[in-house]
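Please work through the following exercises with the sequence and the model at hand. Each task is followed by a solution in steps.

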Amino acid sequence: MIAKKIHLDEKEMPKAWYNILPDMPTPPDPPLNPGTGQPIGPEDLAPIFPMGLIEQEVSQERWISIPEDILDIYRLWRPSPLYRAYHLEEVLDTPARIYYKYEGGSPAGSHKPNTSIAQAYYNKREGVRRLATETGAGQWGSALSLACQFFDLECTVYMVKVSYHQKPYRRSMMQVWGSEVIPSPSDKTNAGRGILEKDPDSPGSLGIAISEAVEDAATREDTKYSLGSVLNHVLLHQTIIGLEVKEQLKKVGEKPDVLIGCCGGGSNFAGLVFPFLPEKLAGEKIRFLAVEPTSCPTLTKGEFAYDFGDTAQMTPLMPMYTLGHDFIPPGIHAGGLRYHGESPLVSVLHRDGIVDAVAYTQNPVFSAALTFARAEGIIPAPESAHAVKATFEEAIRFKEEGKEGVIVFNLSGHGHFDMAAYDAFLAGDLEDYTYPEEKIAESLKNLPKVK
Ligand SMILES: *Cc1c(COP(=O)(O)O)cnc(C)c1O
């Protein structure tokens with residue numbers, strides 16, 4: 001049997017985001033000012049974020065209503081479909097029932113517009129004229145460019161230099177939506193010039209590009225900064241994913257046993273699983289499984305500590321799993337998973353044993369993605385393919401244990417701009433890289449000292 005779509009009506013689309021903070025068994029410690037070591041307040045964030053988002057960052061309200069202007073744009077592709085993967089179940093010969101939530105139907109092709117639209121809205125409402133941001137492989141840059149176009153904001157994107165040259169079509173998408181795209185490190189900022197002085201051929205990294213974008217926003221009156229993952233308000237906006245999944249599962253009388261998402265900064269994973277935390281805390285057995293690459297194993301091999309979000313040490317210190325702020329991951333194809341840190345919310349839940357994590361190398365990930373594409377049609381983004389691989393492993397586990405069960409994974413985006421990665425896999429050119437323990441220990445030595 002072929003896949004079946006579980007539809008939600010426009011009228012049934014959630015009207016509020018779910019804020020996990022008031023429900024957390026242990027809430028995260030506050031971010032710290034890197035200079036004073038003191039917890040930061042709203043005034044510290046005001047130069048780079050609008051008040052509307054700062055309020056959401058620290059809010060204790062469980063439900064935060066979604067403004068009508070945002071719902072209007074969400075309706076372009078939301079509610080997004082949930083599919084029952086009948087054909088894949090047959091191929092895997094598993095008694096588990098597999099569902100996937102497809103976020104690739106947004107104009108940018110991933111879940112990221114769920115937050116970029118909201119962020120552009122709150123900035124516009126407070127009179128901001130221009131946004132600065134960074135992007136790795138280009139998914140976040142394209143999502144924010146789209147949002148800025150809708151809200152008539154200027155947008156400047158610092159794009160990791162190696163991706164700027166390797167992923168020309170993501171760059172052109174941003175330019176089609178009216179953004180200025182600058183390869184990073186650049187000579188436009190002190191942070192960029194500092195890196196170029198030491199290494200004129202630096203390929204760049206997400207940490208460096210963040211430094212450049214933050215500096216741009218902090219030094220211009222008309223400009224704010226925008227981040228595509230990691231922060232509480234970003235994860236909040238993504239909860240529309242899991243809230244819809246809850247409604248969709250209700251329609252078919254199902255409850256999840258395992259919820260799976262790939263994990264870069266944690267936003268699509270959190271978007272799927274956070275709305276199910278109350279049920280899990282109430283005693284329902286639901287496994288929350290985050291999946292990462294072995295080349296950037298933040299949750300599985302990193303340390304829980306205060307660290308900077310960027311390389312130039314400009315951001316507040318956040319309590320999170322980290323590989324060290326000067327960790328530069330190797331150039332694997334899942335660009336969206338190459339970040340040294342992790343959302344503090346997901347980090348605390350992992351530390352407390354509520355979120356499980358696994359890591360896989362590239363070849364088994366792409367092999368699973370290929371099987372998925374042949375069974376279900378959709379070609380997953382390399383990031384999402386990590387969730388596909390974990391789903392296969394869980395499905396096999398159900399089979400081995402002779403148990404039925406429900407697995408739901410987040411198919412966070414399509415892979416249409418990543419076909420070079422599939423080419424490399426098909427040609428047998430992908431390396432299975434596991435980041436060596438010694439090198440992780442080395443970069444963890446540079447963690448900031450916090451009293
Ligand atoms: C950016 C991206 C990710 C990783 O980011 P998270 O914040 O961890 O979700 C995953 N999948 C896709 C398709 C992406 O574009």
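**Exercise 1: Ser 267 and the ligand site**

Ser 267 has a relative accessibility of 4% and therefore counts as buried, where buried means under 20% relative accessible area, exposed over 50% and partly exposed in between (1.4 Å probe, protein chains only). The model is predicted: local features need pLDDT of at least 70, side-chain atom pairs count only at pLDDT 80 or more, and totals for chains, interfaces and linings use all residues. Residues are numbered from 1 along each chain as its sequence is written, and side-chain values use heavy atoms, with hydrogens and water left out.

Task: Place Ser 267 in its element and determine which residues it is in contact with.

Solution.
- Step 1. Ser 267 belongs to helix 13 (residues 267-273); helices (H or I, at least four residues) and strands (E, at least two) are DSSP runs, numbered from the N terminus.
- Step 2. Apart from neighbours within four places in sequence, Ser 267 is in contact with His 111, Gly 228, Ser 229, Val 234, Leu 235 and Gln 238; contact means heavy atoms within 4.5 Å.
- Step 3. The side chains of Ser 267 and His 111 are joined by a polar contact of 3.2 Å. A polar contact is a pair of N or O atoms within 3.5 Å; within protein, one must be able to donate a hydrogen and the other to accept it, and residues adjacent in sequence count only if both atoms are side-chain atoms.

Task: Identify the residues closest to the ligand and the polar atoms that face its oxygen atoms.

Solution.
- Step 1. The ligand is surrounded by 19 residues, and the closest are Lys 112, Ser 229, Gly 264, Ser 267 and Asn 268; a residue is included if one of its heavy atoms lies within 4 Å.
- Step 2. Polar side-chain atoms lie 3.1 Å from a ligand oxygen atom in the case of His 111 and 2.6 Å from one in the case of Lys 112.
- Step 3. From the backbone, a polar atom of Gly 266 is 2.9 Å from an oxygen atom of the ligand.
- Step 4. The ligand taken alone exposes 380 Å², of which the protein buries 97% (Shrake-Rupley method, 1.4 Å probe).

**Exercise 2: Asn 410**

Task: Is Asn 410 buried or exposed, and what does its side chain reach?

Solution.
- Step 1. Asn 410 is located in strand 15 (residues 405-411).
- Step 2. Its relative accessibility is 0%, so Asn 410 counts as buried.
- Step 3. The side chain of Asn 410 reaches the backbone oxygen of Asn 268 at 3.1 Å.
- Step 4. Beyond four places in sequence, the contacts of Asn 410 include Lys 101, Glu 103, Ile 241 and Leu 272.

**Exercise 3: Helix 9**

Task: Explain why the buried residues of helix 9 line one face.

Solution.
- Step 1. In helix 9 (residues 190-198), the buried residues are Ala 191, Gly 192 and Ile 195.
- Step 2. Viewed down the axis of helix 9, these buried residues fall within an arc of 95°, so they line one face of the helix; the arc is that of the directions from the helix axis to the C-beta atoms.
- Step 3. Asn 190 and Glu 197 are exposed on the other side of helix 9, while its buried residues pack against helix 10.

**Exercise 4: Thr 361**

Task: Which residue does the side chain of Thr 361 meet in a polar contact?

Solution.
- Step 1. Thr 361 is in the loop between strand 14 (355-360) and helix 17 (362-376).
- Step 2. The side chains of Thr 361 and Asp 432 make a polar contact (3.3 Å).
- Step 3. The C-alpha atoms of Thr 361 and Tyr 433 are separated by 6.4 Å, although these residues are 72 residues apart along the chain.
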